[in-house]
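User: I would like a close look at a single part of this model, with an account of its surroundings.

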Amino acid sequence: MQAIKRVIIQGGYSFYRNMTVSVSSIFILIITLSIVTSIILTKSIFLHSLEEIKSKVDISLYLKSDASEEAVLAIKEKLSTLSALQSVNYISKEDTLIKFKNDYKDDAETLEALNEIGTNPFGPSFVITARDTNDYSDIVETINTPDFLGTYNDNIDKINYTDIKSSIDKINSMIKWSGDIGYVLTIIFMLISLMIVYNTTRLAILNFKDEIHIMKLVGASDLFIKGPFLIEACIYGVLASLFTILAFIPITEYITTKTFVFLGEYSLYDYYMSNILHISLILIGSSIIVATLSSFLAVRKHLRG
Amino acid sequence: MLYFENVTKEYAGVKVLDNINLSIEKGELVSIVGHSGAGKTSLIKLLLAEEKPTKGSVSFHSATIHSLRGKYLNNYRRKIGVVFQDYRLLPGRTAYENIAFAMEAAGKTDKDIRNDVPHVLDLVDLKDKMSHFPHQLSGGEKQRVAIARAIVNRPEIIIADEPTGNLDPVNTYDIVQIFKKINDLGTTVILTTHNKGVIDSMGKRVITMEKGKISRDDKNGKYII
């Protein structure tokens, strides 16, 4: 207990005594942590946008305009049995006509052509949403199975799934890509930071060469020699993390006001504040690991010598 | 207590110690003399387990020094106090803190540190300068702090490598008297020096080294090169 207390005091003392090196190391860590935080926030924006797109994806099952009410009810009941289904909404042929007229209210030629037909040319439809975007292909495959709808298959006009399948696949690959690229960038910047902090610490430890030599000659344990350097590194990590965490509060607030046009109601500031504990743990943990590993490697060389 | 058996040390094929056989008993005061390059410092480095012999063995009681690892090596080093020509004090710490540092590193309690540091500073006549930093002390005073640091953990052996090399005659005399006092209290003292006056005034065992070999080993020796 006494040894730990001394190691902690000595670590704090070293931090204060080597203020220039301490400030340099903290500055390097702040840059790395800012990049890591930016990656986390960028990913959140990206995922939010993708979720927005995904929420707009659905399957439209168009029925023939002469489909009977009995057929409509039977098909709806069948669709409700799909395990991957989130919701199924029925749109009557009348509602479809109203929507069409509304969509083309400024297009006189189209509305004139519709009037010339004299009857409602649209059929009713079902809008199907799945729990997961990966389930859409399974739903379509099931509906296309002859046994699923049986005799009611003749009432199906078309399923507009093929048009959006590629979009769904793209969305899925983009989510995966954004995750992978985030991890790779994080690892790259952590390694760069590790190398820079290692070299800074190595140069700083040269000032302690005599001190380490004397410690060894009086029979100090490895913990007593390494400990203060590791504590000093922990102080670097904690201070750099705290600075970065606090700095990103006004930064995210500013970004939110500037990105209202692109992101709508999505607030980066709200995301940051609601995840600040989680993000803090990532930043403090990663910076302490980078700083202490750098110190450990740097001081190990002198312990061998 | 300390035994060198057929010890040879080579650096890049060049012999700096050549088949050394030597034993030092508890309570002895031994001076090792010789020109620069005679092998004195190499001998000291082997004693401090900073170097390993190319051939032969160096033992402390029954333990082979150069085979010690980890806590066994740390325990061995806690039984040795070292004094260097250039003092090697920590510049950012006061005289008190320099000595306390050696005790902390050796795992002594805060109570022991509070009791022993003023006492040992009193022994080297520096009690009134315990708050001084090394740059505020003279050469002789710095060396006395270094000696205080070396003896504070009550080592079995004090090894001093040219301890008077940077001192004037008055301070040299004072330092030699301190070493004699330490030896009188039962601690084994090994010192290397070039100073004829120091050797002749002590009238103790003198080992003379030349070109990596022991050329003389006199019980009540004089400086003869």
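Which residue takes a positive phi just after H3(B)? Please begin there and then describe the helix itself and what lies around it.

Analyst: This is a predicted model, and the description below should be read in that light. The residue in question is Gly107(B), whose phi is about 85 degrees.

The helix that precedes Gly107(B) is H3(B), which spans residues 95–105. H3(B) is mostly covered, since ten of its eleven residues are buried. The buried residues are Ala95(B), Tyr96(B), Asn98(B), Ile99(B), Ala100(B), Phe101(B), Ala102(B), Met103(B), Glu104(B) and Ala105(B).

The cover comes from both chains. From chain B it includes helix H4 (110–123) and helix H5 (139–151), and from chain A it includes helix H1 (2–17), helix H9 (209–217) and H10.

H3(B) also takes part in the meeting of the two chains. There, 17 residues of chain B are in contact with 14 residues of chain A. Both H3 and helix H2 (70–77) of chain B supply at least two residues each to the side of chain B that touches chain A. That side comprises six nonpolar, six polar and five charged residues.

One residue of H3(B), Ile99(B), leads into the nonpolar interior. The largest nonpolar core has 99 residues, and Ile99(B) is among those with the most contacts inside it, together with Leu29(A), Ala148(B), Ile158(B) and Ile159(B). Ala148(B) is itself in contact with Ile99(B), and, beyond its neighbours within four places in sequence, also with Val120(B), Leu121(B), Leu123(B), Val124(B) and Leu126(B).

Leu29(A), also named for that core, directs attention to chain A. Leu29(A) is one of the residues through which H2(A) meets H10(A), and H10 of chain A is part of what covers H3(B). Helix H2 (residues 19–55) and helix H10 (residues 222–258) of chain A pack with their axes 8 Å apart and at an angle of about 45 degrees. The two helices are therefore oblique to each other, and their crossing is right-handed. On the H2(A) side the meeting residues include Ile26(A), Ile30(A) and Leu33(A), and on the H10(A) side they include Leu239(A), Phe243(A) and Phe248(A). The residues of this contact divide into ten nonpolar, eight polar and no charged.

As for the wider setting, chain A contains 13 helices and four strands, and 27% of its 305 residues count as buried.

Key: Residues are numbered from 1 along each chain as its sequence is written. Chains are lettered from A and ligands numbered from 1 in the order in which they are written. This is a predicted model: local features need pLDDT of at least 70, side-chain atom pairs count only at pLDDT 80 or more; totals for chains, interfaces and linings use all residues. A nonpolar core is a set of buried Ala, Val, Leu, Ile, Met, Phe, Trp, Tyr and Cys residues joined through C-beta atoms within 7 Å. A residue is buried if 20 or more other C-beta atoms lie within 10 Å of its own, exposed if 12 or fewer, and partly exposed in between; C-beta atoms are placed from the backbone. Two residues are in contact if their C-beta atoms, placed from the backbone, lie within 7 Å. Axes are lines fitted to C-alpha atoms, for helices over the stretch in contact, and angles run from 0 to 180 degrees between N-to-C directions. Angles under 35 degrees count as roughly parallel, over 145 as roughly antiparallel, 65 to 115 as roughly perpendicular and the rest as oblique. A crossing is left-handed if the near helix is turned anticlockwise from the far one by less than a right angle, and right-handed if clockwise. Ala, Val, Leu, Ile, Met, Phe, Trp, Tyr, Cys and Pro count as nonpolar, Asp, Glu, Lys and Arg as charged, and the others, Gly among them, as polar.
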